[in-house]
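Work through the exercises below with the sequence and the model at hand. Each task is followed by a solution in steps.

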Amino acid sequence: MESEHGDSSSREEKLIKDQMLATIYGQCVGDAIGLLTEFLTKEEAKEYYGRKPKMLLYSQKVPDFHRSRWKEGDWTDDTDQMILILQSILYNKGQVVATDFAQRIYRWMKQGFPDLGDFGGLGLGQTTATVLRHPDFKSKPHEVAFEVWDKSNRNIAPNGAVMRTSICGLHQWQNLESVVKNTLEICKCTHHDPRCQASAVAVSVTVALTLQHTCQEKERGGKFPRPVDVTAVIKQAYNHACQVLTTEEEKQDLWWYMNCRKLKLLQLAEPGKIGYTYKCMGAGFWAFKQKDFKKALIKIIMAGGDADTNGAVAGALLACKLGISAIPQPWIDGLVHKDWLMGYVNKFLRLQDEMNLPIEQRSAYDDLNIAILVAEDEERNRRREEEHKRQYEERLKNTESKF
């Protein structure tokens, strides 16, 4: 018979794993449903989906050129890159290795996820694309990202790093020092600007602190768990995030966006500025203060702008706080690649149980070896080219036979 302590520990582990799953699903559905209004103005969003819709569905997606590139219920590059981080962590048995992630995101840019039928990564931001195309990126990602930022007069701070960072808050969530270190290691592969680093750290630390709250409440043993102290969590996350900033003005700017309580003040569809990392982060922290997942996400998405990215961060933070039951079931059920995703998520959850073991005793995922994956890509591309050549020669032969 299991002891009371053992039973309690098992319940705690289940609660934490459910919360991790909620965070990942929150990111995925926020990204996927956000595609409905990505790059639209607030007025255009109202025109397509109504003034105040009570529900949004993947099937309502406007079939324009941009949106038609993704299947109904598919997430975009925001979640793709989160999954790349997850795969890198799995292959490296819990270690975060910048060059390994760099090689994976470079491969994704060229191939997408071939097992999902992709032929290349869709939705790549301009800054990330510039960094990835540098000849030294795969071996020196941090140095290349710094160079690109430096050549921009140190004035570009897009949201391409903060959008993928929720997974860094789940990994090693008990240790905030590790969470911050891992987050910066991944962020600086493509985005060096201190504002990008600060926003990514703010989000990942908030995820970790929310998991820690669940653990502390379980240990307290009260009949009714106390809700997350949102104000205290934001203050603590801010303290970690502002460590990468140097001026008081930068720190005040970060504080304002993390504590903004009116969504309209964020101006998410502001012309020329929709991709600013603090706007995305601000949308996430606005959502973190809310109590209704569906209403909060719809409000963010109907604000337009970079809605899939805003939705991804907002969905991750709010789902982490509220749990998976808060996410509308049609949004989860409608994810087209849900089963494929869960294969990796289950491995990631298993790895969290193994993190106290010596690294050599943790599960190995040799099928995620990037060298093997690249070799498979080359062979697949070679066969595709041979088939195209065969088809061309066959058509040429048939054409000649007519004359």
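The exercises deal with charged pairs, one glutamine and a set of annotated positions in a predicted model.

**Exercise 1. Determine how Lys-14 and Asp-18 are paired and where they sit in the fold.**

Step 1. Check the distance: the closest N and O atoms of Lys-14 and Asp-18 are 2.9 Å apart. The cut-off for a salt bridge is 4 Å, so the pair qualifies as one.

Step 2. Place the residues. Both belong to helix α1 (residues 4-34), and because they are 4 residues apart there, about one helical turn separates them.

Step 3. Assign exposure. Lys-14 has a relative accessible area of 53% and is exposed, whereas Asp-18, at 33%, is partly exposed.

**Exercise 2. Analyse the salt bridge between Asp-377 and Arg-107.**

Step 1. The closest N and O atoms of this pair are 2.6 Å apart.

Step 2. The bridge links distant parts of the chain: Asp-377 is in helix α17 (residues 370-401) and Arg-107 in helix α4 (residues 98-111), 270 residues apart.

Step 3. Asp-377 and Arg-107 are both buried.

Step 4. Set this pair in context: the whole structure has 18 salt bridges. Among them is the one between Lys-279 and Glu-270, at 2.8 Å from N to O. Lys-279 is buried, with a relative accessible area of 3%. Salt bridges also join Glu-379, Arg-382, Arg-383 and Glu-386 in a network.

**Exercise 3. Is Gln-19 buried or exposed, and which residues does Gln-19 touch?**

Step 1. Gln-19 is located in helix α1.

Step 2. Its relative accessible area is 7%. Buried means under 20%, so Gln-19 is buried.

Step 3. Not counting residues up to four places away in sequence, Gln-19 touches Thr-210, Leu-211, Thr-214 and Cys-320. For Thr-210, the backbone oxygen lies 3.3 Å from a polar atom of the Gln-19 side chain.

**Exercise 4. Describe the surroundings of Asp-77 and Asp-78, two of the positions listed by UniProt under "binding site".**

Step 1. The unreviewed UniProt entry lists Thr-76, Asp-77, Asp-78, Asp-306, Asp-308 and Thr-309. They are spread over 234 residues of sequence but cluster in space, with a largest C-alpha distance of 12.2 Å.

Step 2. Asp-77 is in helix α3 (residues 77-91), and Asp-78 lies in helix α3 as well. Asp-77 is buried at 5% relative accessible area; Asp-78 is buried at 0%.

Step 3. The side chain of Thr-76 makes polar contacts with the side chains of Asp-77 (3.4 Å) and Asp-78 (2.9 Å).

Step 4. Beyond four places in sequence, the contacts of Asp-77 include Trp-108, Met-163 and Asp-308. Those of Asp-78 include Gln-27, Asp-31, Met-163, Asp-308 and Thr-309.

Notes. Residues are numbered from 1 along each chain as its sequence is written. This is a predicted model: local features need pLDDT of at least 70, side-chain atom pairs count only at pLDDT 80 or more; totals for chains, interfaces and linings use all residues. Side-chain values use heavy atoms; hydrogens and water are left out. A salt bridge is a side-chain nitrogen of Lys or Arg within 4 Å of a carboxyl oxygen of Asp or Glu. Helices (H or I, at least four residues) and strands (E, at least two) are DSSP runs, numbered from the N terminus. Buried means under 20% relative accessible area, exposed over 50%, partly exposed in between (1.4 Å probe, protein chains only). A polar contact is a pair of N or O atoms within 3.5 Å; within protein, one must be able to donate a hydrogen and the other to accept it, and residues adjacent in sequence count only if both atoms are side-chain atoms. Contact means heavy atoms within 4.5 Å. UniProt positions are given in the numbering used here, feature names are shortened, and annotations may be inferred rather than shown by experiment.
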